Amino acid sequence: MKNFKNYLYILAASVLFAACKPVITTPTATSGSANFTRYIAVGNSLTAGYADGGLYLAGQLNSYPSIIAQQMQIVGAGSFTQPLFSPSQASGTGYQKLTGFDASGNPQLTAVAATAVRGTITLPGLGTIPLFTKYTGALENYGVPGIKLNDIDNPAYGNGNPYYERLLPGNSPTNTTQYLDFITAQPFTFFTNWLGNNDALAYATSGGAGDVLTDVGTFSSKYTTLISRLTANGQKGACATIPDVTTIPYFNTVTYAAILAGVQKSIPSIQNIYILAADPIGTNYAYRPATASDLFVLTFPTSLIGSTTAGVGTYPYGLDPRNPIESKYVLDANEIALVRSHVASFNNTIKSVASSKGLAVFDAFTFLSNIKANGYLINGLSLNSNYISGGIFSLDGVHLTPRGYAIVANQFITAINNQYGSNIPLANVSAYNGVMFP
Amino acid sequence: MRKLLLLALVVLPFLGMSQGFQVNLHGEKQIGMGHTGTGLLQDGASVLFNPGAVAMLPENYIQGGINPLFFESSFLAAGSSQQENTSNQVATPFNIYGVWGPKHSNLKFGMGIYTPFGGLTNWGNTWSGKYVLESLNLKAIYFQPTISYKLCDAISVGAGFVYDYGSVDLTQAIPLANSNGQDGQAELKGSGHGTGYNVGVFIKASSKLTFGIDYRSQVTTTISNAPATFTVPASLATSFPSPNTFTSSIPLPATSSLGIGYSPSKDWTVAFDFNWVMWSVYKTLEFDYGTTTPALQNTVSARNYQDAYDFRAGAQYQADAKTFIRFGGGYATTAVKDGYVTPEAPDANRVYGTVGIGIKAMKNLDIDAAFEFEHLMSRTQTNLQSNLSGTFQTNVYIPGVSLAYHW
């Protein structure tokens, strides 16, 4: 019996021990052969955190470079500053917000007004463009919405692109700083580069009507120049390929089948939807019946169909060969082939130039094509490339949700870790939201 | 006419409830000896361990015990450096037994109320697996009236009828953010019942050597039309009718036990138990909702469990006339195959060690206390259904105390 107290002490000590959590060991943090002291992000709207048809504070805060940088800091990276809009101008350039669904379940979007506009300027050939509140201070995220690889050595580019103009000290139209010089002005040790999307995407989203594809030879030479400059002092980095533009919901939501079915609901006899479509080299356009191989843009106002005032007028729009749906609303089969062949060439350039410098490559083309084909399952989240419900793409059908950007950040991190032997931890995709519903 | 594929918005991946959820806390004396008891004559806990042994008990018993269970589970997502832990919550398995028989009769009656299955896990609403599970509180309480008969001095048999009252409270995040970016929530909460039986044979080969064989049947517990509550952004409310109801059924598996007890000397008793838990009946978990929509479908999740085996050994040393010291341990194999591990009770092969002490406080009153430490082997898994990928590790700490009155 005298031992009883001792046993009780042992039991009590064991209970205290119960407060201990199991510990799962993690590898020691290392940046491998890379140096993340100053990481800079080079790219376009995807890099800037553009989402829902605009650049605004919440999107910027969830940009993939910002997510990468936060994870990099766990293995000892330096600070990463973005050109954020101020909290009082949080809506930035304005964006679209989901405000509900109509009776048929179609989403209703409402514009949130811009708050970061300081004025406008009218430029020859460009018309009137807004000027945004200037950003001054430290800068690591050089993402400029709209920029093409083709624009990086254009000294006047800082006048016509208001997103770039807001980062420059001078006012449009006095700027003469090439993007290439701007991003390399301050020393840096590591970069990510996801330029090149707009060299194909701008043509595609305009239905092949409002923009041009960058010449493949020009792309190759400018990409080589860009990477040479970025690695001039032995910097390491990661590049990403350009996705197949036909994988994005912008081209897969308003489908030929849906349009035809909608028309046949009221006029069952209709068999053809007429579009203005390109020849194989994309120069001459003629009407023909649309097929499932033609992609309609997300912003196509389907209410125009049958209108006798739309298009060239007189004849029912889209239903009569004399008034076909305009090219700007359709990425037709020949245009798709042109875009694809350009993207394939661009991606070969990206992979070979990156490889020649020993850079990491995130193959966004393959990754997003896989998601389009198979969806993406992570942490019990079943994501896909569908508009709104897919969880990856934002309301503009081109750019990503915070969750989509977190997934991209993790792909970059994986490529960087594989290339340089670092072990930057992956971000928690569950912690980032998809489309927000009212 | 802008056709949207909002259909199939979310098919809730409700994952399972029962998994490695067997709770083996059935009597403080037996816990102290590594959960052995099928082939021993200790006290009223024989109602559970082996109804066949009840008729051999030298006295009548009324006893009760409680075992606050600290379940500490941790998860490290693949590629992450951020370990996530369950919050500190204490489950309280308990057991109450009564055994009575007329003096000098070969017949004894028993009643057992105990908690052979259960789970209490709360990962919180911010962890990486929140879309698989946030929290789960599962309880199964068995009520078992029992009759036992001594055929001769060497052999007795017994049987009990089992009525199970089961309850579940499961919460999960729904990946539909509101305008503040907050997730939707699902909660399934309800209770149900099932029935089964428990039969056993006890053999007293000699004054030193005893054997026991026991079979506890499967108890399929069905929860019907219990409340299912969904909180989603208002614009999607019609896709997730709330309040709604759910119906589900879980097979709590049969267990076969073989036990041996041996007393090499007056002071020592050693015991061995082998348990075969027939988890392989658990093939799928289905949830049927009272009202379904294109976004809220009935679910069928593959479980494909395998039978689990549990090897136990324990010893008791009588230190003096009133004091017993016990220790034991065991090894149990997991019911969950690779690819099916889920966060409700992230199962793995496990080892456990127990210590216990028993005091004869008064002539008719035993006070017993025990402590168990259970370690689930670290298991790195990618779940086939959710793709939740990472390493789970779990420790369980279980102190406990019981009082037994006997006459």
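A salt bridge is a side-chain nitrogen of Lys or Arg within 4 Å of a carboxyl oxygen of Asp or Glu. In this predicted model, B:Lys29, B:Asp43, B:Arg326, B:Lys360, B:Asp366 and B:Asp368 are linked in a network of such bridges.

## Salt bridges

Over all chains, the whole structure holds 22 salt bridges. Side chains of opposite charge can pair when their charged atoms come close. Three pairs are set out below, each with its N to O distance.

| Pair | Closest N and O atoms | Relative accessible area |
|---|---|---|
| A:Arg118 and A:Glu165 | 2.8 Å | A:Arg118 36%, A:Glu165 0% |
| B:Lys130 and B:Asp183 | 2.8 Å | B:Lys130 7%, B:Asp183 22% |
| B:Arg312 and B:Asp310 | 3.1 Å | B:Arg312 6%, B:Asp310 6% |

In chain A, the side chains of A:Arg118 and A:Glu165 meet in a salt bridge. This pair links distant parts of the chain, 47 residues apart: A:Arg118 belongs to strand S4 (residues 117-123) and A:Glu165 to helix H6 (residues 162-165). A:Arg118 is partly exposed, whereas A:Glu165 is buried.

In chain B, a salt bridge joins B:Asp183 to B:Lys130. These residues are 53 apart and lie in two loops, B:Asp183 between strand S8 (155-174) and strand S9 (184-204), B:Lys130 between strand S6 (107-122) and strand S7 (135-150). B:Asp183 counts as partly exposed, because its relative accessible area of 22% is not under the 20% that defines a buried residue. B:Lys130, at 7%, is buried.

## Two helices of chain A

Helix H4 (residues 64-74) of chain A is mostly covered, with 8 of its 11 residues buried. Among the buried residues are A:Tyr64, A:Ile67, A:Ile68 and A:Met72. The buried residues of H4(A) pack against strand S1 (39-43), helix H2 (45-48), helix H3 (57-61), strand S6 (190-194) and H13 of chain A. Just after H4(A), A:Gly76 takes a positive phi of about 100°.

Helix H13 of chain A is also mostly covered: 15 of its 19 residues are buried. Its residues, 402-420, should span 27 Å at 1.5 Å a residue, and the end C-alpha atoms are 26 Å apart, which agrees. A:Gly421, just after H13(A), has a positive phi of about 70°.

## Buried residues and a surface patch in chain B

B:Ile31 is found in helix H1 (residues 28-32) of chain B and is buried, with a relative accessible area of 1%. Beyond its neighbours within four places in sequence, B:Ile31 contacts residues including B:Asn24, B:Asn67, B:Thr354 and B:Glu372. The C-alpha atoms of B:Ile31 and B:Gly329 are separated by 9.0 Å, although the two residues are 298 apart along the chain.

B:Thr221, in strand S11 (residues 219-231) of chain B, is likewise buried, at 2% relative accessible area. Leaving out residues up to four places away in sequence, B:Thr221 touches B:Asp164, B:His193 and B:Ile250, among others.

On the surface, a nonpolar patch of about 750 Å² includes B:Phe274, B:Trp276, B:Tyr309, B:Phe311 and B:Met377. Strand S14 (268-277) and strand S17 (308-320) of chain B each supply at least two residues of this patch. B:Met377 lies in strand S20 (residues 365-382) of chain B and is partly exposed, at 32%.

## The interface

The size of an interface is often given as the accessible area lost when the parts come together. Between chain B and chain A, the buried area is about 4,600 Å², with 63% given by carbon and sulfur atoms. Here 62 residues of chain B are in contact with 52 residues of chain A, and the count of salt bridges between the two chains is 0.

Key: Residues are numbered from 1 along each chain as its sequence is written. Chains are lettered from A and ligands numbered from 1 in the order in which they are written. This is a predicted model: local features need pLDDT of at least 70, side-chain atom pairs count only at pLDDT 80 or more; totals for chains, interfaces and linings use all residues. Side-chain values use heavy atoms; hydrogens and water are left out. Helices (H or I, at least four residues) and strands (E, at least two) are DSSP runs, numbered from the N terminus. The expected span of a helix is 1.5 Å times one less than its number of residues. Buried means under 20% relative accessible area, exposed over 50%, partly exposed in between (1.4 Å probe, protein chains only). Patches are made of residues with over 30% relative accessible area and no salt bridge: like charges are joined within 9 Å, nonpolar side chains (Val, Leu, Ile, Met, Phe, Trp, Tyr) within 5 Å. Accessible areas come from the Shrake-Rupley method with a 1.4 Å probe; for residues, only the protein chains shown count as cover. Contact means heavy atoms within 4.5 Å. Buried area is the accessible area (1.4 Å probe) that two parts lose on being put together, summed over both.
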